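The following paragraphs lead through a protein structure, from its interior to its sheets and then to its charged pairs and cysteines. Please keep the sequence and the model in view while reading.

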Amino acid sequence: MEGTPAVQTRHPTHPAEFGGLDSTGLRERFLVEDLFAGGEVRLTYSHHDRIVVGGAVPAGQRLTLPVPAQLRAEHFCDRRELAVVCLAGSGTVSVDDTKYDLVELDVLYVGKGAEDVTFDGTDARYYLVSAPAHDRHPTALGRRDEVFNVTLGEQAHANVRTIRRYVHADGIVSDQLVLGITELAEGSVWNTMPCHTHERRTEIYLYFRLGAGERVVHLCGEPDATRSLIVANEQAVISPPWSVHTGAGTANYTFVWAMAGENVAYDDMDVVATETLR
């Protein structure tokens, strides 16, 4: 039997308001916890670029992608596109009459107009990211070992990492979603340095592959007034266009970065010099 999804709503925050939030307020606004539960699909709806994030854990059952009341739609993808990331295990995602077999770090893009989306798999854990779409693009599967990847960083700066781009202008075509996965090498803990902001889109980080006692210190806020969030395994951070998004962990980890907004250009960002951060 499928569980009833817990659908949260997150409202936008003005940067002037950001500085007045205490730790609890920051976590309530920007940190998405408890996305993953066995036998359930859980969703969170953000008013920042109308992004929806979620988790689906079939645990041996077949789960159907629900349609939150916030969408005012008959089907989830009536006016939306969707990316399904297999975080762990393996399973099958069915889109209408077509089945797609996913293994760890595969990503399935589901285009606008799909009607029925279901999730199967005994040990699969799926992360979901969705944004509004105006045009239809074909559903496509990006394999971990087949998509564009590049290794950056250096051990001296503890930021050796492999970046894989799945949904982007030169990869799987979308309306406004951009999505990839970054894996940090053992002994490396820093991500996204130098950091940046995105004036034209929202970005969300989903941290995973963190041990039970490990944490990531995620920096957010305007570049000259940063704050921090302590993030555990399989938790997501919403980053508004005016906010930096970077962090360091107590051990290496992997994270999904997903953006939606005005364009799909991967390099549309405003880099912030590390020495100017405050």
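The largest nonpolar core has 30 residues, and within this core Tyr127, Leu179, Leu206 and Val256 touch the most other members. A nonpolar core is here a set of buried Ala, Val, Leu, Ile, Met, Phe, Trp, Tyr and Cys residues joined through side-chain atoms within 4.5 Å. Buried means under 20% relative accessible area, exposed means over 50%, and partly exposed lies in between, with a 1.4 Å probe and protein chains only. The model is predicted: local features need pLDDT of at least 70 and side-chain atom pairs count only at pLDDT 80 or more, whereas totals for chains, interfaces and linings use all residues. Residues are numbered from 1 along each chain as its sequence is written, and side-chain values use heavy atoms, with hydrogens and water left out.

Val256 illustrates how this core is put together. When neighbours within four places in sequence are set aside, Val256 is in contact (heavy atoms within 4.5 Å) with Val85, Leu87, Tyr127, Leu179, Gly180, Ile181, Ile204, Tyr205, Leu206 and Phe208. A second core, separate from the one just described, comprises 25 residues, including Tyr45, Leu65, Val84 and Leu128.

The strands come next. Helices (H or I, at least four residues) and strands (E, at least two) are DSSP runs numbered from the N terminus, and two strands pair if DSSP finds at least two bridges between them. One open sheet consists of 7 strands in the order β1-β3-β4-β11-β6-β9-β12, with mixed pairing. Its edges are formed by β1 (7-10) and β12 (140-142); each has a single partner strand, so one side of each is left without a neighbour in the sheet. On average, neighbouring strands of this sheet are turned by 15 degrees against each other, direction ignored; the axes are lines fitted to C-alpha atoms, for helices over the stretch in contact, and angles run from 0 to 180 degrees between N-to-C directions. At one edge, β1 pairs with β3 (residues 40-46) in the parallel sense over 4 bridges. Within this pairing, Gln8 stands opposite Thr44 in β3.

Another open sheet of 7 strands follows the order β2-β21-β18-β23-β15-β14-β13, and its pairing is antiparallel. Here β2 (31-32) and β13 stand at the edges with a single partner strand each, so one side of each has no neighbour in the sheet. The partner of β13 is β14 (residues 161-167), and the two are joined in the antiparallel sense over 5 bridges. Thr151 has Thr162 in β14 as its bridge partner.

Charged side chains add further links. A salt bridge is a side-chain nitrogen of Lys or Arg within 4 Å of a carboxyl oxygen of Asp or Glu, and by this rule the count comes to 12 salt bridges. One of them joins Arg42 and Glu40, at 2.9 Å from N to O. Glu40 counts as buried because its relative accessible area is 18%.

Which residue forms a salt bridge with Glu104? The partner is Arg209, and the closest N and O atoms are 2.8 Å apart. This pair links distant parts of the chain, since Arg209 lies in the loop between β18 (201-208) and β19 (216-221) and Glu104 in the loop between β8 (98-103) and β9 (107-110), 105 residues apart. Arg209 is partly exposed at 36% relative accessibility, and Glu104 is partly exposed at 33%.

Arg144 and Glu183 also meet in a salt bridge, at 3.6 Å from N to O. They too connect distant parts of the chain: Arg144 is in the loop between β12 and β13 (148-152), Glu183 is in β15 (residues 178-184), and 39 residues separate them. Arg144 is partly exposed at 26%, while Glu183 is buried at 15%. Through shared partners, salt bridges join Glu104, Arg144, Asp145, Arg164, Glu183 and Arg209 into one network.

The cysteines complete the account. A disulfide is a pair of cysteine sulfur atoms within 2.5 Å, and a search of the whole structure finds 0 disulfides. Why is Cys86 without a bond? The closest cysteine sulfur, in Cys77, is 18 Å from that of Cys86, which is too far for a bond. Cys86 is buried, with a relative accessible area of 0%. Cys195 is likewise in no disulfide, and the nearest cysteine sulfur, in Cys220, is 11 Å away. Cys195 is buried, with a relative accessible area of 0%.
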